[in-house]
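These are my notes from an afternoon with one protein model. I wrote down what I looked up, entry by entry.

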Amino acid sequence: MSKNLVIVESPAKAKTIKKYLGKDFEVLASYGHVRDLVPKDGAVDVENGFEMKYQVIDRNEKHVKAIIAALKDADELWLATDPDREGEAISWHLVELLRERNALKNKPVKRVVFYEITQREIQNAIRHPRGISEDLVNAQQARRALDYLVGFNLSPLLWRKVQPGLSAGRVQSPALRLICEREEEIKAFVPREYWTISALAEKDGQRFDARLVELQGRKVEQFSLVNAASALAAKSALEKAAAGELVVTAVEKKQRRRNPAPPFTTSTLQQEANRKLGFSASRTMRAAQQLYEGVDLGGETVGLITYMRTDSVSLAQDAIAEIRKLIGARFGAAAVPPEPRFYKTKSKNAQEAHEAVRPTSVARLPEQVAPYLSPDQARLYELIWKRTIACQMQQAVFDTVTVELRAGADNAFRASGSTLVEPGFIAVYTQGTDTPSGKDEDEDEKRLPPLAVGERVRLVELVADQHFTEPPPRYTEASLVKTLEEYDIGRPSTYASIISTLLARDYVRLDGKAFVPTDVGMIVNKFLTEHFTRYVDYAFTAHLEDDLDAVSRGEKQWKPLLADFWREFKQRLDEKQDLSRADIAEARLLGTDPASGKPVFARLGRFGPFVQIGSKDDTDKPRFASLRANQRIDTITLEEALALFALPRKLGQLPSGEEVEVNIGRFGPYVRYGSNFVSLKKDDDPYTIDLARAIELIEQKAAALEAATIKRFGDSGIRIVKGRFGPYITDGKRRAPIPKGREVDSLTVFECEAYLAAAAAPAAKKAAKKAAAKSTDAAGDSASLARGTQPAQAKAKAGPASARKTAAAAVKKTAQQAAKTASKKTSKKTTKRAAKAVSKRVSKRV
């Protein structure tokens, strides 16, 4: 019997910790949160002091029961969940739940925290327990309540006014606003032309470039030369003034030193993993969590990095000592600075007790642990290891030289070069940037030949280049995370979930690494910025985060904070309930259809963006076509919109004479030939596919069917095919499962026909119901015209009975034909069973 029960969040963490605590400790996992708000209105009771109603998370009920069972035999409960607000809240929720179920029975409860899963840290934490921090719990409850109040009230409004399944969030919505505003900047951007002139010079066979900085006594700015005429005129004048030579008039040499970047925080780890490894924020956090919780290194489970949710850039003294020792051993004493480097945390709410993200021991080299890690784990560990080592290394030293060269008295060129003299930390690691190349400016060295004032160098040629200003770049995950942090929106631990939500809701999509807002995202952002401006305001969101941080420090009370927020938010909600869909998802007029003379609109519907020819007020019904994946409401042209109505397209005929047609259906684009269908592949475009490709797809389908055929029944068209979930019967149009217990070889053609008919009965019934409905509508409309009543009134008086009768007769006939097909060659028992099944389904459904 274990005297002590320790609760952590994950089983991997439990396994690692168990070995450090010995036989007197049992370690179990809560598997994350054990309780959450009830998923319905009133979970946060705004009328009763913001009382929060919780329930056990279904998937974790069994883990709660396991904890209760283990607690019966324990003397003490130790709560070792993560050292942040969420971890504190998990511990609090568990204790509350155990008390509700009378499982605690006054046993001592101790809270312990640690920032790395090593024997030293675990045992030190056990020696210094504390109680649950109410301030941290209150801050988490306040955050959860705010998220609920915003999401649970704004999301239904979006469902009704824009599209089902959408959501709004206290932090996700400002993040969406950033992406949409950048897209508007790009759309509104007007490129400006400008020209640059550079000189290609040569000394002693070494060529180098110099850019024009002074022209006819005036400083050259970006827009000094704005067209080809001015650039060519300037080039001609410079060539004349230079006469084939440039004179060196100034040489400036200096030494530049560059410091290493600080160790990783959660945010900078996500940014750098995105730049250097191409990892999404969620992928980074998943791999980091695994490294933190522990990895089996050949029979020993070890936590390889410190806690990965942190705003701190601090390092423990013993960690710094170990890092400096390793640097001296691997890179020499000259690579170790005289004094350790200490970094100051910028985050207003960073807890200095936390450390930066670092290896638990830098002595575990990346190449040593890599064989035990997954590819993602290995690459992320190496990134963390290198950054940690580099942060305690010497500066990098560059010799830089800047040279001025003149072409006549009034024209000057400038050439710059640098040489890496002492690599320092660059020998291990350089930080990436958000430039298109992702390279640091010092990664590409430019060297100049030795130059002295007064000497002349040969002018090889002058080059005039045309440029255009470029729009601001779209956000990548790295630059979005960086901007969210700069605006103080959300917290680094939430960035991965924010980005995942934006992608899951189809508010944004990734074009390479860049975020592009979808039509839905643009419309949702427009709705929120116009009607709930304050709640997507960057300053307001950041201020709310500061308030939550103040709650976590015990400087503010959480319920008055909620009351202040809810009072104004509720008033705004009430004002916006009567908005119409047209007010929000405003249609965009593209022009006029030349064929019909009707207006063409692009708009967002309940099931996505589409274009429409005509309006609901026209005598003829409007025509509709969905936008393609790469098209947007705000950018689609009239020509592109009209092209969407080109489907269905007739491609020609098969040698058999069957007509081949391409279209887009409920399940995507397809080719129809006769009464058969084949889906298009991912790279096939229904608007451009030709007959040859369609025939290729048809032949591929036929070949695949032939290869999967287990048994064929002569010329009947019926065959048994090997499917993904087992063999089935098909005649090319219908399909039926093989009954349990039947062997493929024992089936006859007559049985197969009966099974196909039985399987087709529900589809026949559905078609009959549709026909009945149409018949009812037609009869009702006729009756209403005859009697002068409204169609809706007439529908109740004419047609239904006869329509149902017709439908029943049609389906019954199908059943009889199926039963009849089972001839005398089939056993009576089988025939009866098949016919009875068909008749039963028909009578039951019709």
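**Entry 1: burial.** I started with the term I would need: a residue is buried when its relative accessible area is under 20%, and exposed when it is over 50%. I kept in mind that the model is predicted. I looked up C752 and found a relative accessible area of 0%, so C752 is buried. C180 has 1% relative accessibility, so C180 counts as buried too. For the whole protein, I noted that 47% of the 846 residues count as buried.

**Entry 2: disulfides.** With two cysteines already on the page, I asked how many disulfides the structure holds. The count is zero. I reminded myself that a disulfide is a covalent bond between the sulfur atoms of two cysteines.

**Entry 3: overall make-up.** I listed the secondary structure next: the protein has 24 helices and 31 strands. I then looked at contacts between residues at least 6 apart in sequence, and 67% of them join residues at least 24 apart.

**Entry 4: helix 16 and helix 17.** Helix 16 covers residues 538–552 and helix 17 covers residues 558–575. Which way do helix 16 and helix 17 run relative to each other, roughly parallel or roughly antiparallel? I found an angle of about 160 degrees, with the axes 10 Å apart. Angles over 145 degrees count as roughly antiparallel, so helix 16 and helix 17 are roughly antiparallel to each other. I also wrote down that their crossing is left-handed. From helix 16, the residues in the contact are F540, L544, D547, L548 and V551; from helix 17, they are W558, L561 and F565. Sorted by class, this contact has seven nonpolar residues, no polar ones and one charged residue.

**Entry 5: helix 10 and helix 12.** I did the lookup again for helix 10 (residues 317–331) and helix 12 (residues 375–390). Their axes are 10 Å apart, and the angle is about 90 degrees. Angles of 65 to 115 degrees count as roughly perpendicular, so helix 10 is roughly perpendicular to helix 12. I323, L326, I327, R330 and F331 are the helix 10 side of the contact, and they meet W385, T388 and I389 in helix 12. By class I wrote six nonpolar, one polar and one charged.

**Entry 6: Q141.** Q141 lies in helix 5, residues 134–161. Is Q141 buried or exposed? Its relative accessible area is 6%, so Q141 is buried. Setting aside neighbours within four places in sequence, I found Q141 in contact with M52, Y54, W92 and W558. I had already met W558 in helix 17, where it takes part in the contact with helix 16.

**Entry 7: backbone exceptions.** Most residues other than glycine have a negative phi, and most peptide bonds are trans. I went looking for cases that differ.

- K105 is not a glycine, yet its phi is positive, at about 50 degrees. K105 sits in the loop between helix 3 (85–100) and strand 8 (109–111). With 57% relative accessibility, K105 counts as exposed.
- Q216 also has a positive phi, near 50 degrees, and is a residue other than glycine. I found Q216 in the loop between strand 10 (206–215) and strand 11 (218–219). At 59% relative accessibility, Q216 counts as exposed.
- The peptide bond from L647 to P648 is cis, with omega near 0 degrees. P648 is in the loop between helix 19 (638–643) and strand 24 (649–653).

How values were computed:
Residues are numbered from 1 along each chain as its sequence is written. This is a predicted model: local features need pLDDT of at least 70, side-chain atom pairs count only at pLDDT 80 or more; totals for chains, interfaces and linings use all residues. Side-chain values use heavy atoms; hydrogens and water are left out. Axes are lines fitted to C-alpha atoms, for helices over the stretch in contact, and angles run from 0 to 180 degrees between N-to-C directions. Helices (H or I, at least four residues) and strands (E, at least two) are DSSP runs, numbered from the N terminus. Angles under 35 degrees count as roughly parallel, over 145 as roughly antiparallel, 65 to 115 as roughly perpendicular and the rest as oblique. A crossing is left-handed if the near helix is turned anticlockwise from the far one by less than a right angle, and right-handed if clockwise. Contact means heavy atoms within 4.5 Å. Ala, Val, Leu, Ile, Met, Phe, Trp, Tyr, Cys and Pro count as nonpolar, Asp, Glu, Lys and Arg as charged, and the others, Gly among them, as polar. A disulfide is a pair of cysteine sulfur atoms within 2.5 Å. Buried means under 20% relative accessible area, exposed over 50%, partly exposed in between (1.4 Å probe, protein chains only).
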